[in-house]
Amino acid sequence: MEERVDQGAGTVSAAVREHLRKLCLREFPCGAGSWNKSRFLPRTCRVWRELVPREEEAGGPSEETVEDLLGLVCSPQSPWALLEDSSAEDRFLRQLAITNPQMLREDFLYSYFRSLHLVDKKVSLVDKDLLKFPKLEELVLSANEIKEIDAFNLPPTLKVLELYGNYIASMKCLCARPPPGLQHLGLGDNKLLGPLQSVYITAQHWPNLVSLDLGFNDLTDLQAMVASLSTLQRLRLLVLQGNPLALVPYYRGFTIDSLARLCVLDDITVSSSEKHLFQGLRHKGDFLAREAQFVVTIGNIRGVLDSSVLDPDPGPQGPFISYSYYVTYDFVEDEEGEGSEYEGVLAEIVKPAPSEEEAPEEAPPTPTAEEAEEEAESVPSSLSQSLELESGVSAGTPSLPRSLGSDAEELAQLRPRMDFRLCPSPGTVLFSTVRKPWADVIPCSYEMQHSLRDLVPLKAFLLAGTTVTIVEEKILSWPVAPPPVDFPTAGKGKGEKKKEKAEKDKKGKDKAAQGEKERKDQKGPRKKRGLSKELRQDPPILRVLGSGLVVLEPLLAGESLVSTLCKFGVIRTLESDRLTFLRDSKNKKAKKGLENDYHPEPLSVEVQIQILQCRSAEEALRTLVV
């Protein structure tokens, strides 16, 4: 068989020949050669079955005994030994090549194999030479490059067919003439796509099928798939996880109730209690909402550097600096659903900076000087109000909220400050928690429910994961200089000038007295003279403190919750923590203790992403389409 190794590269038969060549069945210590030539009769006209070893003739001094040769292929320490994961068939052939190498003829090898495992051999074509194996019962062609199979080239004796990890896009090719006695079919991790694949999974094509694995494809229609599977009377084991259709909340319950004979679903035994809990759900299949539901929860942020202690005190002319912190994550955008309507939860889409043409014409009103001083000490009140007004999600929300500059110059200054980690990936939307002031532990208290109907992009998103980012937002505010006032002097007499001056002095005293009274009532700090009440804000300066990927593939593989603590390393320093401690602590003598036992906490944020799953028929009925 070795003479045709290079013919038909990429076919099953070529892979078989290459496999036999690597077994070295005709090379030392196997086969016939100088190491055992005296053991065999000279070639005559007799048939090959009569060519048996000569028991009566002793080997020469340069020859090896059968026991020694078998030891060379069986001993784990021998360089001629097979790998540990070699099949029993390969081990038998190696031993047979020593004890009776004349038997290894092509017709014997074809009739010998009952199982073929050709994994990751770059096979792309199942050729007709496979029919030469008259007793083949198991064929494993996983991790190859097969896109389509001619079912007429499959031996009718097959009972097990595994095609995991290939590029098969439709089962139609397998249904032309499927092996009638096939009991297990493995098509996981292929390219099966769409709702029409269910028409090829019926008892008409697979009457004896006991086990079926269609996991990790792109099958989307659960109701149609289950209707076809219900015709397979002998089906007991089924794998559908990893498909978009398995992401709906009622997937497991609906499948169990529809396939009463099923024993194992997604490698989990179907219990009698499960059957009872989901009883009757199969009758409501057409009315169940075909959407997946997720809940994203973001908890506490820890280990944030307090940047405000490193800034100089603002002078009368500013700038007044405020800091806030928030977390962003991206999630797939639902093109079929109402992706912009998230009721009852505060979320904000962060988009790239708008172009000059999209810049708003009018800026929101600027805060007063009193508000600016309050912002420097705690959470800006105007910021909280603006976020409350922005509850819900809108595709038109700008990426940098409260950016008050609307002219091209401010936008040009803003663009270089944008970090690519603040922009969503293609096909996703960037969500943000509420801005919070600095604290040793910043509670985000964020929860968002996502309902998605377009399940195929959702699967791709779960495979890719989501990026979680902690952002620091810095805003500088400046007093607005009052416009100059012209006081015309011509045409007025001295009496009129004195009268106007007296009226202005009186108004100024009244205003000063009223302002002093208000300050006393509010017990607030005394304002410096000459400070304007109107402030203008620079565009926000965003700084990424930490960013990392959260793996979501377990949700696709059957897990209901991904809970993780995202750690981004230590960003706090002894100097900054000492300044923060001295600012917040009344005990100045505790400074020494901080330095002696200083172990800064790493920057981290708590993240949980849960896929909602129904635990009973009653819960599933809540997803009925109204």
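## A guided tour, starting at two crossing helices

Select helix α1 (residues 12–23) and helix α3 (residues 88–99): their axes come within 11 Å and cross at roughly 55°. This is a predicted model, so please read each stop in that light. Two packed helices are described by the angle between their axes and the distance between the axes. At that angle α1 and α3 count as oblique to each other, and α1 passes α3 in a right-handed crossing. Now show the side chains at the meeting point. On the α1 side you will find His-19, Leu-20 and Leu-23, which meet Asp-90, Leu-93 and Arg-94 in α3.

Keep Leu-93 selected, as it leads to the next stop. Leu-93 is among the residues with the most contacts inside the largest nonpolar core, together with Leu-214, Leu-229, Phe-294, Leu-458 and Val-605. Colour those six and you have a handle on a core of 118 residues. Which strand gives the most to this core? Select residues 320–332: that is strand β10, and its contribution is 7 residues. In soluble globular proteins, nonpolar side chains tend to be buried together.

Next, centre the view on Leu-458. Setting aside neighbours within four places in sequence, Leu-458 is in contact with Leu-247, Ala-292, Phe-294, Val-332 and Leu-452. Apart from the largest core lies another, of 5 residues; pick out Tyr-326, Leu-422, Val-471 and Leu-542, which are among them.

Now move to Ser-604, which sits in strand β17 (residues 604–611). Is Ser-604 buried or exposed? Its relative accessibility is 4%, and therefore Ser-604 counts as buried. For a look at who surrounds Ser-604, select Asn-300, Ile-301, Arg-302, Ile-470, Leu-565, Cys-566 and Lys-567; these are its contacts once neighbours within four places in sequence are left aside. Try a distance label from Ser-604 to Arg-302: C-alpha to C-alpha they are 5.3 Å apart in space, while 302 residues separate them in sequence.

Finally, zoom out to the whole protein. A secondary-structure colouring should bring up 16 helices and 17 strands. Of the 626 residues, 43% count as buried. Switch on a surface: the protein exposes about 33900 Å², with carbon and sulfur atoms supplying 52% of that area. If you like contact maps, take the contacts between residues at least 6 apart in sequence; 74% of them join residues at least 24 apart. The pairing of Ser-604 with Arg-302, 302 residues apart in sequence, is a good place to return to with that map open.

Conventions. Residues are numbered from 1 along each chain as its sequence is written. This is a predicted model: local features need pLDDT of at least 70, side-chain atom pairs count only at pLDDT 80 or more; totals for chains, interfaces and linings use all residues. Side-chain values use heavy atoms; hydrogens and water are left out. Helices (H or I, at least four residues) and strands (E, at least two) are DSSP runs, numbered from the N terminus. Buried means under 20% relative accessible area, exposed over 50%, partly exposed in between (1.4 Å probe, protein chains only). Contact means heavy atoms within 4.5 Å. Accessible areas come from the Shrake-Rupley method with a 1.4 Å probe; for residues, only the protein chains shown count as cover. A nonpolar core is a set of buried Ala, Val, Leu, Ile, Met, Phe, Trp, Tyr and Cys residues joined through side-chain atoms within 4.5 Å. Axes are lines fitted to C-alpha atoms, for helices over the stretch in contact, and angles run from 0 to 180 degrees between N-to-C directions. Angles under 35 degrees count as roughly parallel, over 145 as roughly antiparallel, 65 to 115 as roughly perpendicular and the rest as oblique. A crossing is left-handed if the near helix is turned anticlockwise from the far one by less than a right angle, and right-handed if clockwise.
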